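I opened the notebook to work through one model, going from single residues to the whole chain. I wanted each entry to stay with what I could look up directly.

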Amino acid sequence: MSHDEDPSRQVAAYGDTAQPAIAARMAPHLRLTQIGAACALLSVIAAAAAVIMFPSFAGAGPGLAWAVGALVSAGLMLIICVIQVVVWRRAMASWLGKRVPDLRVETQLSWIAHLMSYAVALAALFTTMAGSAAAGWSSASAVLLGVTLLFVLAAQVLAGVQFLRPSGPPGTLPAHIRRLKEKSRSRND
């Protein structure tokens, strides 16, 4: 692909609301949020199965409460991930010129969801560990709670922290390396 054909380098026509360069650079982030939402859905399924299969021996009541807490945490992470997917889809529509380009509300909502994802991931960590210990580390419910934790953390990393940045790509390592290469190239020229 030549330098002129690269969609991430295209500049919108004057007066055009579409921003194909930003849309091309942000498409992978939209895919990440969608994969993260799928992980969150799998965490809810695993947590629900853990609650259903939780052992019912004497004194298991508090342990079941921890497993239900893990289910609630997984459900909250799913909500956060869905919010991020919806926000990113609205932003993508804006960058493609299909809707009004004002993204202030979406940016704020995405930032709040991003911050909440850390608290939810921490709650999932504690509830899944406590629920696994109460169920017995080798029980099917404990294994499912471990799977729940893995999927919640994957959802948080893939979608929860992917807050909307209307001006361009995030400050991730690949973007940072790309900026360093461009700066080095400009110094050499």
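Entry one, a buried threonine. I began with T33, whose relative accessibility is 0%, so I put it down as buried, the limit for that class being under 20%. The model is a predicted one, and I kept that in mind for every entry that follows. T33 sits in helix α1, which covers residues 20-52. When I set aside the neighbours within four places in sequence, I found T33 in contact with Q84, V85, W88, L158, A159 and Q162.

Entry two, a buried valine. I turned next to V152, which belongs to helix α4, made of residues 140-160. Is V152 buried or exposed? I found its relative accessibility to be 0%, and therefore V152 counts as buried, as anything under 20% does. Leaving out the neighbours within four places in sequence, I listed S43, A74, M77, A121 and A124 as the contacts of V152. I also looked up the pair V152 and S73, which are 79 residues apart along the chain, and noted that their C-alpha atoms are separated by 8.3 Å.

Entry three, the salt bridge. How many salt bridges does the count give? I arrived at 1 salt bridge, and the pair is E106 with R90, whose closest N and O atoms are 2.9 Å apart. This pair links distant parts of the chain, since E106 is in helix α3 (residues 104-135) and R90 is in helix α2, with the two positions 16 residues apart in numbering. I then checked the accessibility of each partner: E106 has a relative accessible area of 7% and is buried, whereas R90, at 38%, is partly exposed.

Entry four, a nonpolar patch. On the surface I noted a nonpolar patch formed by L64, V68, V72, L76 and I79, which together have about 400 Å² of accessible area. I picked V68 for a closer look and placed it in helix α2, which takes in residues 61-95. Its relative accessibility is 37%, so V68 counts as partly exposed, a class that lies between 20% and 50%.

Entry five, a positive patch. Which residues form the positive surface patch? I wrote down R25, R178, R179, K181, K183, R185 and R187. Helix α5, running over residues 173-188, gives the most to this patch, with 6 residues. One residue that I checked individually was K183, which lies in helix α5 and, with a relative accessible area of 46%, is partly exposed.

Entry six, the chain as a whole. I left the overall description for the end, and recorded 5 helices and 0 strands in the protein, which gives the pattern α-α-α-α-α when read along the sequence. Of the 189 residues, I noted that 37% count as buried. The protein exposes about 10,500 Å², and carbon and sulfur atoms supply 68% of that area. For contacts between residues at least 6 apart in sequence, I found that 77% join residues at least 24 apart.

Definitions and conventions. Residues numbered from 1 in each chain as written. Predicted model: local features only at pLDDT ≥ 70, side-chain atom pairs only at ≥ 80, totals over all residues. Heavy atoms only, no water. Helix = DSSP H or I, 4+ residues; strand = E, 2+ residues; numbered from the N terminus. Buried < 20%, exposed > 50% of the residue type's maximum accessible area, 1.4 Å probe, protein only. Contact = heavy atoms within 4.5 Å. Areas by Shrake-Rupley, 256 points an atom, 1.4 Å probe, with all protein chains shown as cover. Patch = residues over 30% accessible without salt bridge, like charges linked within 9 Å, V, L, I, M, F, W, Y side chains within 5 Å. Salt bridge = Lys/Arg side-chain N within 4 Å of Asp/Glu carboxyl O. Lys, Arg positive; Asp, Glu negative; His and termini not counted. Charge placed at Lys NZ, Arg CZ, Asp CG, Glu CD.
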